[in-house]
Amino acid sequence: MEKINAAVEQALIDKKWMKHALLLADKAAALDEIPVGAVLVKDEQIVAEGWNISIANHDACGHAEIRVLREGGQVLKNYRLIDCTLYVTLEPCPMCAGALVHARVKRVVYGAGDYKTGAGGSVFNLLCHDKLNHKIDVTAGVLAEQCAEKISAFFKRRRKEKKQLKKLQSNQA
């Protein structure tokens, strides 16, 4: 019974922090970035938070997770983020997964799976790979629908904008 209660309590905590990550994803969307948000938590306290800024900063490494790891290292005065949990709205890519392993993050909780470049089990499994020196506990699919919808809406809007621009350009030709 205690295990069930602990699991239910952890699920509620995970939803709470994923809702926070979704709010951070809105900050990315407001900048016309892919709406991904991340929050790093230790002992139920926010250590760092971030959102994607790759497009605006012309930075392939401007992912929410990388920004959070950088800030978290500064806050904790250590590049190793021992006993921290990262909540992120989209499954980490290989770059971010590798950085999370190097940072020794204890746990990653993600919302939407990334079936093109996901490295938390969808395409690759770098977060818990047997040959790596650190394995991260992964919880997938927390508020997955809300997370996926936010990203889908972004790309749907972008495709529509590109189509309208193409139409406008062909009308001007």
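Select helix H5, residues 144-172, in this predicted model. Helix H5 lies across strands E3 and E4, and its direction runs at about 60° to that of E4.

Keep H5 displayed and add the two strands beneath your selection. Strand E3 covers residues 85-90 and strand E4 covers residues 107-112; the two run parallel and are joined by 5 bridges. To check the register, pick Tyr87, whose bridge partner in E4 is Val109.

**The sheet**

Next, extend the selection to the whole sheet. It is an open sheet of 5 strands in the order E2-E1-E3-E4-E5, and the pairing is mixed. Strand E2 and strand E5 (137-140) occupy the edges; each has a single partner strand, so one side of each is left without a neighbour in the sheet. From one strand to the next, the twist averages 15°.

Now select helix H1, residues 2-30, which packs on the sheet. Helix H1 touches E1, E2, E3, E4 and E5, and its direction makes about 55° with that of E3.

**The hairpin**

Move to strands E1 (residues 37-42) and E2 (residues 45-51). These strands run antiparallel and are joined by 6 bridges. Pick Lys42 to find its bridge partner in E2, Gln45. Together E1 and E2 form a hairpin with 2 residues between them. In the turn, select Asp43, which has a positive phi of about 50°.

**The largest pocket**

Which residues should be selected to find the part nearest the centre of the largest pocket? Choose Ile34, Leu90, Asp114, Ile151 and Phe155, which lie nearest the centre among the 23 lining residues. The space in this largest pocket amounts to about 520 Å³.

Bring H5 back into view here, since the tour returns to the helix with which it began. With 5 residues, H5 gives the most to the lining of the largest pocket. Helix H2 (54-57) and H5 each supply at least two residues of that lining. Colouring the lining of the largest pocket by class shows 11 nonpolar, 6 polar and 6 charged residues.

**The second largest pocket**

The second largest pocket has a volume of about 200 Å³. Select its lining: Gln10, Ile13, Val41, Lys42, Asp43, Glu44, Asp83, Thr85, Tyr87, Lys106, Arg107 and Asp137. Elements that give two or more residues to this lining are H1, E1 and E3. Several residues visited earlier recur in the list, including Lys42, Asp43 and Tyr87. By class, the lining of the second largest pocket has 3 nonpolar, 2 polar and 7 charged residues.

**The whole chain**

Finally, clear the selection and display the full chain as a cartoon. How many helices and strands are there in the chain? The chain has 5 helices and 5 strands, and along the sequence they follow the pattern α-β-β-α-α-β-α-β-β-α. The radius of gyration of the chain is 17 Å, close to the 16 Å that the globule rule gives for 173 residues, so the chain is as compact as a globular protein of that length. Along its principal axes, the C-alpha trace spans about 65 × 35 × 30 Å.

Technical notes. Residues numbered from 1 in each chain as written. Predicted model: local features only at pLDDT ≥ 70, side-chain atom pairs only at ≥ 80, totals over all residues. Heavy atoms only, no water. Pairing = 2+ DSSP bridges. Helix = DSSP H or I, 4+ residues; strand = E, 2+ residues; numbered from the N terminus. Axes fitted to C-alpha atoms, helices over the stretch in contact; angles between N-to-C directions. Contact = heavy atoms within 4.5 Å. 1 Å grid on protein atoms, 1.4 Å probe; cavity = no way out; pocket = protein on both sides within 12 Å on 5 of 7 lines; lining within 4 Å. Points joined across faces, edges and corners; volume = space filled by probe spheres on them. Nonpolar A, V, L, I, M, F, W, Y, C, P; charged D, E, K, R; others polar. Rg over C-alpha atoms; globule rule 2.2 N^0.38 Å.
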